[in-house]
Amino acid sequence: MEPGEAASFILREYSKCMSCGFCEAACPTLPFGPHRGYGPRGRVRLASLAVENGSISAEGVAGIYTCLLCAACMLRCPAGVDIVGVVRLARELLARGAIRAPERIPLRLVG
Amino acid sequence: MSKSRHSRIVEILRERLGRDKVFDNPDVVSLYIREPEGISADEMPDAVAFPESVDDVSIIASTAYKYQIPIYPQGSTTSLSGSAVPFEGGVVISSSRLRKIREVSIVDSYVWAEAGVRIDDLNVELAKYGYMFPVDPASSSVATIGGAVNSGAGGMRGAKYGTMRDWVLGLTITLPDEEGTTMFIGCKTTKCRQGYDLVRLIVGSEGTLALVSDAVLRITTLPENVVVAVAFYDKLSDLMETVIEIKSSRINPYIMEFMDSKAVAAAAGYIKPSIRAEGNMLLVGVDVNYEATERMLSTLRDIMAKRALSTYTAQSFEEAERKRLLDLRRSLFPSQVLNARRNLGKDNVLVIIEDIAVPPSKLVDAVEMIKNVSDDLGFDVVVGGHVGDGNLHPSIGIDPEDPAMTKRAHEWFLEVMKIAVKLGGTVSSEHGIGTLKKEGLRMELEAHGAAKALEIMRSIKRIFDPKGILNPGKVV
Amino acid sequence: MASASPLKALLEFLRDSTLRVGLPVPLPMEEIYSWALPLRLPRMGSVILYTGALYQLMPYIESLTRYLSALEGSRVSDTLLRLARILIATPKLTRTLLAPEPARVERARRILTNISRLLSSSGVAHAYPYEDDLYSGVLLYDLGLDDAFAEVAGRVYRKLKEHGASTVITVDPHTTNILRNVYPSYVDGFDLEVVNYLEVLSRAAEESRIRLRGLVSEAVIHDPCFYARYLHIIDEPRKILERSGVKVLEPRRSREATYCCGGPVESVAPRLASKIAETRLKELAEKSKNVVVLCPICYTNLSRANKLGLRILDIAEVVEAEVPGSGSPQ
Ligand SMILES: Cc1cc2nc3c(=O)[nH]c(=O)nc-3n(C[C@H](O)[C@H](O)[C@H](O)COP(=O)(O)OP(=O)(O)OC[C@H]3O[C@@H](n4cnc5c(N)ncnc54)[C@H](O)[C@@H]3O)c2cc1C
Ligand code: SF4
Ligand code: SF4
């Protein structure tokens, strides 16, 4: 996908998100992550912030790359947000350098 | 808060708690400022803290007191009243790392769990013993114990089992004072007369009186079986007649839910049901012993079918799942979202869910009046709710980018609350006051000649939170 | 606890290796196709069995992950991965260095052999592309390396066409999904019919074209996310197991609601992957000591975390074609 298209896809999906958090109930990574960035609600928001800002923090990158793309979250989402699509396209934008990111990524785990 | 003061406070908290328990990274902090009804903080708080123990909570409370920093307890931030949003800067305290179930005691009929445990996760554990925690907000998959206690949550089983206030035996609370005083209040027994009932004061206090680290909750047995019936009625009055007859037949349903014809149409458009879904829907579940299954089901079928357009039944919850009898009710929320998108012709919509209760005998009047004010204000309202306890959730969809519509929605919100008060009901049955319903609370108390109650509440707040730093701006 | 991921170095390594060698870990191609040699499958045909190399690669990826996870958190891993790019020119050396357990390598071969036999016994003749059984590029797609992925997808498609394919039979969820649902938007004129061997087999069993035999009497099933939620291949494995006389037990989270094994992040965050696997294993253990998996990634990641002594088996290790007259039950 063209970077512009990917960016507007991410923003559009985020605009659907109500922040209800229902998706989080199904997410395998969230309980072991240090914060919501390791879960679907957080990842969608992180991706849209990254697009808006043109950059993302290391903590945000960790959230984006620890996603399993397992789609368990999407089964729960009342708003039909394409969470997996958002995460994958955020990775694409990162890989293309369309979103600036630090080189070293902290991975924190709890529990 | 000034930049240097901000970074100093974050540093102090990090020193006292450990680096990995405090985040001031704006990417992370921004994940803790928004509630599902679009209520969001304009100003970013300074940090989010993640206590991992009661001691951590106490350290945060005393530090906040010393430096006069606003603090905001948060569970899953699914509150619909603005009560979990950090409006005035400061530090969000997330319960997400307080996730241990400490003890399940069958003989003493309680579970002791930390504030961040989700209700559904608690029930997965309890089911292993054949038990359950019966308060089931529609958000139970993510709603935390701390959040449910503090918002005084209820749910579908409310008519039979009540709300949070009926199930909390004891709480470990921490006060925002010099020591970060921590104590256990209440008992581990159902019967408990510990002077003034502080436990019930905390329940529903929306994080404005104390920080809750863990709770001792009553539990009850899972029913042996639940029979289910769904029926559709042309007129709402027929549906209510049916409810009255059910109650008069000495049946105390496990769940008793209703959706008006518009809500049914929206949900039917969303899930493409296997049953003929037209009219106002009544969904009833009755818990029974296995042996009584047939008898109860036929009684229920007879009563429900009498006035209905169509009736469907199932011998058990499992069968109801297979026949997809619960799907319409379950898809109420997503179908509202879809409905709003269709009506407004855009993706970015806000679904506003009201939460009033009226005496069940006034339900028909209430729905009628709600429809009228909604029509007057130009909103397409759908109504669903818990008929058993008179709790109604009228909802409308709005365009958050349209200021005129947002203003009208605010008016609608007020009008609906007025209806509740007029019919002798309450402005909030389970979602709480937060920032959204402060006006409604005043209105309701004044209508009862109880304006003084608000003053008492404010004084209580000052005793618990002398510096006014705990979830400021909420409730009172 | 915090540690750092050598994310960038890892991405570059995977990309370069896949582009140059055709595999995300640089190995000699005979590692991928040698399992098929004894079967004498034809090289050309309209129906091609395409493994996408995933079963064969997993033992190597597992040892790579072991290195990465030993190094998780240290800066050495970056440097090491950068150095490792030299390996791309010398696949034989990689094989020696990674030195996976021979039993694991053997197992992958046995599974693929059985799959091919099951297909033949169902009356589905198939060819095999041997040295062109390239990796599909799933990881590149998942990690957002789209340009590299598009190149890989185009190459894989061309190779399959060169072998005469009009139908491709795939054997794992990831390869099936990427070919069926993703290739069409990356490869111009993509015209291959993509079927999964479980679909073929369950139909054959239903139509009594094959008689199956199970090697365990009961097992709890672990649905892979990609079969369950992306491809809706849910009833097929159950039918196959039941027709084989294996009693299928359902874990608490199963079918569409299945819980991931953690495998997809095993190279980026190995410790996280293990924690997820442990959580899942506990849930599976509540139902049976025998666990049936349907995906090589699930197998690897669950096995790595298996501290409960569960018996984890691929469905193609549990089910085999019953040879007429071999005196089996029934
Ligand atoms: C779609 C939808 C449906 C819903 N349905 C229902 C329903 O049927 N019934 C119902 O009652 N509610 C319902 N809710 C509202 C809400 O989900 C519940 O009130 C829930 O219990 C809140 O839990 P939470 O963990 O999200 O709390 P939060 O939203 O994070 O917090 C709620 C309040 O509790 C306080 N708080 C949280 N944790 C602590 C703590 N440890 N110590 C002190 N204070 C704390 C917060 O400051 C806030 O004031 C619904 C919400 C949504 C989005
Ligand atoms: S796809 Fe990613 S965000 Fe969604 S449940 Fe799986 S790991 Fe969590
Ligand atoms: S479930 Fe959907 S709408 Fe709700 S927070 Fe998750 S992505 Fe947003």
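## The shell around ligand 3

Let's start with the residues around ligand 3 in this predicted model. By class, 10 of them are nonpolar, two are polar and one is charged. The shell holds 13 residues, and the closest include A:C17, A:C20 and A:C23. A:G21 and A:C77 are also among the closest to ligand 3.

## The shell around ligand 2

Ligand 2 has its own set of neighbours on chain A, including the cysteines A:C27, A:C67, A:C70 and A:C73. Two prolines, A:P28 and A:P40, are there as well, and so are A:T29, A:R43, A:L68, A:L69, A:A71 and A:V84. Sorted by class, this shell divides into 10 nonpolar residues, one polar and one charged.

## A positive patch on chain B

If you turn to the surface of chain B, you will find a patch of positive charge where B:R5, B:R8, B:R16 and B:K66 gather. Helix α1 of chain B, residues 3-17, supplies the largest share of this patch, with three residues. One of the patch residues in that helix is B:R8.

## Salt bridges

Side chains of opposite charge can pair when their charged atoms come close. Over all chains, the model has 58 salt bridges.

One of them joins B:K160 and B:D287, whose closest N and O atoms are 3.0 Å apart. This pair links distant parts of the chain, with the two positions 127 residues apart in numbering. B:K160 sits in helix α6 (residues 158-161) of chain B, while B:D287 belongs to strand β14 (residues 280-288) of chain B.

How values were computed:
Residues are numbered from 1 along each chain as its sequence is written. Chains are lettered from A and ligands numbered from 1 in the order in which they are written. This is a predicted model: local features need pLDDT of at least 70, side-chain atom pairs count only at pLDDT 80 or more; totals for chains, interfaces and linings use all residues. Side-chain values use heavy atoms; hydrogens and water are left out. Patches are made of residues with over 30% relative accessible area and no salt bridge: like charges are joined within 9 Å, nonpolar side chains (Val, Leu, Ile, Met, Phe, Trp, Tyr) within 5 Å. Accessible areas come from the Shrake-Rupley method with a 1.4 Å probe; for residues, only the protein chains shown count as cover. A salt bridge is a side-chain nitrogen of Lys or Arg within 4 Å of a carboxyl oxygen of Asp or Glu. Lys and Arg count as positive and Asp and Glu as negative; His and the chain ends are not counted. The place of a charge is taken as NZ of Lys, CZ of Arg, CG of Asp or CD of Glu. Helices (H or I, at least four residues) and strands (E, at least two) are DSSP runs, numbered from the N terminus. A residue is near a molecule or strand if one of its heavy atoms lies within 4 Å of it. Ala, Val, Leu, Ile, Met, Phe, Trp, Tyr, Cys and Pro count as nonpolar, Asp, Glu, Lys and Arg as charged, and the others, Gly among them, as polar.
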